[in-house]
Amino acid sequence: MKLDDLKKCKYGLTHSGIFHADDVFATAFIKIINPEIEIIRSNEVPDGFDGIVYDIGLGEFDHHSSDNELRENGIPYAAFGKLWRVFAREVYGDYVYKKIDKSLIEYLGFIR
C-alpha cells in the first residue's frame with residue numbers, strides 16, 4: 001500500500017477486544033494520515049475487505065505470525081512499527097522517522 005492509497009481508504013480494520021498500545025498508536029497514526037477513515041474492530045477480516053488491515057489477519061501490517069520480522073537489533077516489529085516503516089518517511093521526513101522510530105516505536109514490539 002502506498003501513502004496515497006491510505007489517504008483514500010474509507011475503512012481500516014484492527015482487532016476487537018482489549019486495546020493495546022500497538023493498535024492504539026497504529027490507529028492514531030492512520031487517523032493523522034486520513035482523518036476521514038472509519039476504523040472497524042473485528043476478530044475476522046471479511047472476504048473482499050477493501051481497506052487497510054493492521055494488527056490482525058497475518059498481512060503486511062500484522063505481527064502475530066510465528067515468523068514475524070525482526071529489526072536489525074533483534075526487536076520484533078509490532079503492527080505500528082510496520083505502518084511507521086512504510087508511511088512515516090514520506091509524511092515526516094527521514095530525520096523525524098529515524099528519531100521517533102529509535103526512541104519510541106521499536107519498543108512497542110516488546111509490549112503485549
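A polar contact is a pair of N or O atoms within 3.5 Å; within protein, one must be able to donate a hydrogen and the other to accept it, and residues adjacent in sequence count only if both atoms are side-chain atoms. One such contact, of 3.5 Å, links the side chains of Asp23 and Arg41.

This is a predicted model: local features need pLDDT of at least 70, side-chain atom pairs count only at pLDDT 80 or more, and totals for chains, interfaces and linings use all residues. Residues are numbered from 1 along each chain as its sequence is written, and side-chain values use heavy atoms, with hydrogens and water left out.

Asp23 sits in helix 2 (helices are DSSP runs of H or I, at least four residues; strands are runs of E, at least two; both are numbered from the N terminus). Asp23 counts as buried because its relative accessibility is 1% (buried is under 20% relative accessible area, exposed over 50%, partly exposed in between, with a 1.4 Å probe and protein chains only).

Helix 2 also buries Asp22, Ala26, Thr27, Phe29, Ile30 and Ile33. The buried residues cover an arc of only 165° around the axis, which puts them on the same side of helix 2 (the arc is that of the directions from the helix axis to the C-beta atoms). They pack against the elements below (contact means heavy atoms within 4.5 Å).

| Partner of helix 2 | Residues |
|---|---|
| Helix 1 | residues 3–8 |
| Strand 1 | residues 11–14 |
| Strand 2 | residues 38–41 |
| Strand 3 | residues 52–53 |
| Helix 3 | residues 79–92 |
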